[in-house]
Amino acid sequence: MATLLSSTSSLHSFPKLSPSNPHFTQPCNFLTVFSPNKPLHFKFKLQFSSLRPIASLNNSSSSLNNTTEPMIPPYNVLITGSSKGIGYALAKEFLKAGDNVIICSRSADHVESAIQSLKMESGKQHVWGTTCDVRAANDVKNLVAFAQEKLKYIDIWINNAGSNAYSYKPLAEASDEDLMEVVSTNTLGLMICCREAIKMMLNQSRGGHVFNIDGAGSDGRPTPRFAAYGATKRSVVHLTKSLQAELQMQDVKNVVVHNLSPGMVTTDLLMSGADTKQAKFFINILAEPAEVVARYLVPNIRSIPISGSTKPTYIRFLTGWKAYSQIFSRIAFGARRNRHVLED
């Protein structure tokens, strides 16, 4: 259920940092790696995506709860699609940090197995789970009710549930079932989850933070062999920006929507596409195990409520410069060969 930046994805912009903004909010010049199905080459691109203030259109925001109650750890965290992959790894790291965690999945057996494993691996008991199909509005509403029953409120909601239908083929060969699976999970499911998470957090005095996980295609680069997945992940960025603008228009300051980019993660979803020379090449160079990615992302996610920041952020694990250095090491020194899969 984890997201991926596959071997055919391009790299996101390298973030510009400042003392007043330690997070990733303003892209700058960056190095692009084109599809491995084409000759490898690089180019620089200037990208602007800062969000400018929008004046409130009316006074309806006065009816919204805009009280800011300090968020003090431990945090209450909900992660969708978290019985395995990056979702599971994130849950494990939040538990290690002392937070309370709710996981979910479509499969009751997978949820129960993940709960037992998380308790055993982390030594923590404060983790709960339930079944939820993010494509079904009633399931997501029941997930909110479950979270409120167990934890009263949620500080951090991570939208991780996603699907590629484990299918890597040209769109012309995709089945109706696969297309419906990908689009309904990654687009409709995300919209439903964002809607219900925001509605819940607007009624919490402490507000909350929603993180939408992106993936291959989110930067607009082509994703051959999984075009539908790339198109849905492109929509993640647009949806996040639109929600940020809506909350700003309503003068809501204590509910914030962010983007989260784990890069290439060696999940079942990614590895099922490791069947070409180019895919294996990039997976070995750029991909990392879910545990490694989670150990980086969780402290950065937690730093936002700790700092009291109410600004949208874009947290990335695989930055342009990190990817460039790893590609250079491979070309110059042969590093990272056969790390995850044997290359031809």
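Buried here means under 20% relative accessible area. Keep that cut-off at hand for these exercises, which all use a predicted model.

**Exercise 1. Strand 5 and its neighbour**

Task: Work out which residues of strand 5 are buried on each side, and how many bridges join strand 5 to strand 6.

Solution:
- Step 1. Recall that in a regular strand the side chains alternate between the two faces of the sheet.
- Step 2. Sort the residues by side: Asn 76 and Leu 78 are on one, Val 77 and Ile 79 on the other. All four are buried, and both faces of strand 5 are covered.
- Step 3. Look across to strand 6 (residues 100-105): it runs parallel to strand 5, and 4 bridges join the two. Within this pairing, Ile 79 stands opposite Ile 103.

**Exercise 2. Two serines in loops**

Task: Decide whether Ser 82 and Ser 309 are buried or exposed, and find what each one touches.

Solution:
- Step 1. Place Ser 82 in the loop between strand 5 (76-79) and helix 1 (85-96). Its relative accessibility is 0%, so Ser 82 counts as buried.
- Step 2. List the contacts of Ser 82, leaving out residues up to four places away in sequence: Gly 87, Tyr 88, Ile 103 and Cys 104. Ile 103 is 21 residues from Ser 82 in sequence, yet their C-alpha atoms are 5.4 Å apart.
- Step 3. Now turn back to strand 5: a polar atom of the Ser 82 side chain lies 2.6 Å from the backbone oxygen of Ile 79.
- Step 4. Place Ser 309 in the loop between helix 8 (290-307) and strand 11 (314-316). With 18% relative accessibility, Ser 309 is buried too, because the cut-off is under 20%. Ser 309 touches His 209 and Ile 304, again not counting residues up to four places away in sequence.

**Exercise 3. The length of helix 4**

Task: Check whether the end-to-end distance of helix 4 agrees with its number of residues.

Solution:
- Step 1. Helix 4 covers residues 176-202, which is 27 residues.
- Step 2. At 1.5 Å a residue, the expected span is 39 Å.
- Step 3. The end C-alpha atoms are 37 Å apart, so the two values agree.
- Step 4. Add one detail: helix 4 has a kink of about 35°, centred on Ser 184.

**Exercise 4. The nonpolar cores**

Task: Find which residues touch the most other members of the largest nonpolar core.

Solution:
- Step 1. This core has 41 residues, and those with the most contacts to other members are Leu 90, Phe 94, Val 101, Ile 158 and Ile 301.
- Step 2. Follow Ile 301: beyond four places in sequence, it touches Phe 94, Ile 156, Ile 158, Phe 211, Leu 260 and Ile 315.
- Step 3. Apart from the largest core lies another, of 31 residues, including Val 134 and Leu 239.

How values were computed:
Residues numbered from 1 in each chain as written. Predicted model: local features only at pLDDT ≥ 70, side-chain atom pairs only at ≥ 80, totals over all residues. Heavy atoms only, no water. Core = buried A, V, L, I, M, F, W, Y, C linked by side-chain atoms within 4.5 Å. Buried < 20%, exposed > 50% of the residue type's maximum accessible area, 1.4 Å probe, protein only. Contact = heavy atoms within 4.5 Å. Expected span 1.5 Å × (residues − 1). Bend = angle between axes of the 7 residues up to and from the residue. Polar contact = N/O pair within 3.5 Å; in protein donor to acceptor, adjacent residues only side chain to side chain. Pairing = 2+ DSSP bridges.
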